[in-house]
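Please take a moment to look over the sequence and the fold shown below before reading on. The report that follows goes from one small piece of the chain to the wider picture.

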Amino acid sequence: KIPYPAHLLLLLTHLLSWPSQARPLTSSSPVNFLFGLDQSEPCPQFFEEGAPIDASELAGVLSPLPSFLEEKRVRLKAFSSVLSIVQGGSVLFHTVAGSEGPSESSPNVTLRSKYCVGSVSKIFTSLMLFQLRDQGLLPQGLDTAVSDILPGWVDPPLAQPSHLSGVQRRRAASTRSLTLRALATHSSGLVREVPPCDNCTEIQRLAAIAANTSRLFPMYARTLYSNLGIAVLGRALEKVAGKTWEEWVESEIMKPLAMADSGAKCTSDVPGVVIGADPASGKAIPAPGDWDWGAPCGSVYTSAADMTRFMNFLLGFEPSEASTPSSPSPSSSSSSSSSAPTVLDPSSLAEMQRIVFAQRDGISGVASGTFEGAVMEVDQPEGVGKMRGGLFQRSTADIGGGATKDRTVRYWSLSKLGCIEGFRAAFTLVPSLSLGVFAAVGSTCDMHGDGDVISFPVTNALLDGVGQLLRAREEQRAKRLPGKEQVGDYLGQYDCGYGSNNTL
């Protein structure tokens, strides 16, 4: 009911006070207020954490997984593969297949066998970014300009192809400096790969990047996967951390999380690193020899046991709460010391996982902490998992006369795939279910689509069973809640679908 001139005055006041650095719009933004945008959020799902799900409750889904893993290993001509699943802060299931190398004397693979995990390393680089931000070491937080902390860095010029329209040309005239946020979210416009530079000093390398590459689009205009961007991010952060990227990852992330089988540089010199393979010929491929300057985008190695700890940490469980497998037996687990320090503030951990760039397909995006997000969908009661559009969760509803109508249950997932020659690894998280799946195979990825052939399909298979078990618990819990008149905290208005707006 605000008069139109008042709208304009308020909008002008808001724009003049808007910070110089971009901020994502939220439902509470003054812009939404001024233009009367719908401020209701997708219907929330609050699951009681309680005790984690027992593997026996999902026997029908879990029992085929060992043969599934072995089938993938054989098809990809890999010597080994591993799979580990966590839920509710504990290990739900794990299995292994094969041996650590091609010879008959090679030891059998275990949950502590080490794999090069490629681009999964990028999550560690983003963790370093948020840790340093929280410690007050970045002048403008995530919006610190790269050139402010990385000596010798000059933003590569924007490419201006002759076919650009007038509007596109004006956008390409942006003079803003590249920020750490843009690097972490693949929205910098930098080219994909780190340019070769033999025996270069860092200053020489940075000069070569500025002289020989260009940015493909203005910062934040869209996203484009960039190994170069993450490498620059890691090397820039070193300058304020007082440690190399490798030292920081091992001492400030892996050590506090008790990731004893993990390290920052996966090379053939590391004891216990499995040998990879070419999926076409089956030829053995050892771990890389040297990662050089580009290590922050892909050099980490880890084990399935350590990744259970890492996934539980990302899902919000402290190291002292989360269990980790200590042997190939699915029933055995152990806990770390209760004195383990907090690696990242819980609020910052949630911020890392927030989707900030939606892709054009409407069902995927990029999170602040480099995670790739996607909607995973289950049709009930059949329980067939797949990816499709939509953001809120629904369940089977009675439509009268005892008949039921299938409704769709949708979950946001966060994942990261890593591919280097001889190795592929991936993990998928479904935060609303406290569910995480990690898989690694000693086989080169097909970069044209044959990447994560284990963790995402396994997560899909688990969605229906885990979701239904947690919803059944929640229904029992709801029966014990106090009456409406006794609940006083206002949590907001939520769109629960089918034209239903509920106030909590």
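## A strand pair and its surroundings

The bridge partner that Phe357 finds in strand S11 is Val366. This pairing, like everything described here, is read from a predicted model. Strand S10, which covers residues 355-358, runs antiparallel to S11, and the two are paired over three bridges. Five residues sit between the strands of this hairpin, and among the hairpin's residues Gly362 takes a positive phi near 75°.

Strand S11 itself spans residues 364-367, and Ser364 has its place there. Is Ser364 buried or exposed? Its relative accessibility is 14%, and because buried means under 20%, Ser364 counts as buried. Its contacts, leaving aside residues up to four places away in sequence, are with Phe357, Ala358, Gln359, Gly373, Ala374 and Trp412. The strand is covered on both of its faces, since Ser364 and Val366 on one side are buried, as are Gly365 and Ala367 on the other.

## The protein as a whole

Taken as a whole, the protein holds 14 helices and 20 strands, and 49% of its 504 residues count as buried. If one takes the contacts between residues at least 6 apart in sequence, 68% of them join residues that are at least 24 apart.

The largest nonpolar core has 83 residues, and Phe310, Phe427 and Phe438 are those with the most contacts inside it. Helix H10, residues 227-241, gives this core its largest share, which is eight residues. Apart from this core lies another one, of 29 residues, which includes Leu65, Ala78, Phe93 and Leu462. Returning to Phe438, its contacts beyond four places in sequence include Val82, Leu83, Met307, Met311 and Phe427.

## Charged side chains

Side chains of opposite charge can pair when their charged atoms come close. A search of the whole structure finds 14 salt bridges, and three of them are set out here.

| Salt bridge | N to O distance |
|---|---|
| Arg112 and Asp261 | 2.6 Å |
| Arg133 and Asp134 | 2.7 Å |
| Arg235 and Glu238 | 2.4 Å |

In the pair of Arg112 and Asp261, Arg112 lies in the loop between strand S3 (90-98) and strand S4 (115-116), while Asp261 lies in the loop between helix H11 (245-254) and strand S5 (276-277), so the pair ties together parts that are 149 residues apart in sequence. Arg112 is partly exposed, with a relative accessible area of 47%, whereas Asp261 counts as buried at 6% relative accessibility. In the pair of Arg133 and Asp134, Asp134 counts as partly exposed, at 36% relative accessibility.

Arg235 and Glu238 are both found in helix H10, where they are three residues apart, or about one turn of the helix. Both Arg235 and Glu238 are buried. Salt bridges with shared partners join these two to Glu202, Lys239, Glu246 and Lys265 in one network.

What, then, is found around Arg309, which is buried yet has no salt bridge? Arg309 belongs to helix H12, residues 304-314. The nearest side chain of opposite charge is that of Asp306, at 5.9 Å, and because a salt bridge requires the atoms to be within 4 Å, this pair does not count as one. A polar atom of the Arg309 side chain does, however, lie 2.7 Å from the backbone oxygen of Leu257.

Definitions and conventions: Residues are numbered from 1 along each chain as its sequence is written. This is a predicted model: local features need pLDDT of at least 70, side-chain atom pairs count only at pLDDT 80 or more; totals for chains, interfaces and linings use all residues. Side-chain values use heavy atoms; hydrogens and water are left out. Helices (H or I, at least four residues) and strands (E, at least two) are DSSP runs, numbered from the N terminus. Buried means under 20% relative accessible area, exposed over 50%, partly exposed in between (1.4 Å probe, protein chains only). Lys and Arg count as positive and Asp and Glu as negative; His and the chain ends are not counted. A polar contact is a pair of N or O atoms within 3.5 Å; within protein, one must be able to donate a hydrogen and the other to accept it, and residues adjacent in sequence count only if both atoms are side-chain atoms. A nonpolar core is a set of buried Ala, Val, Leu, Ile, Met, Phe, Trp, Tyr and Cys residues joined through side-chain atoms within 4.5 Å. Contact means heavy atoms within 4.5 Å. Two strands pair if DSSP finds at least two bridges between them.
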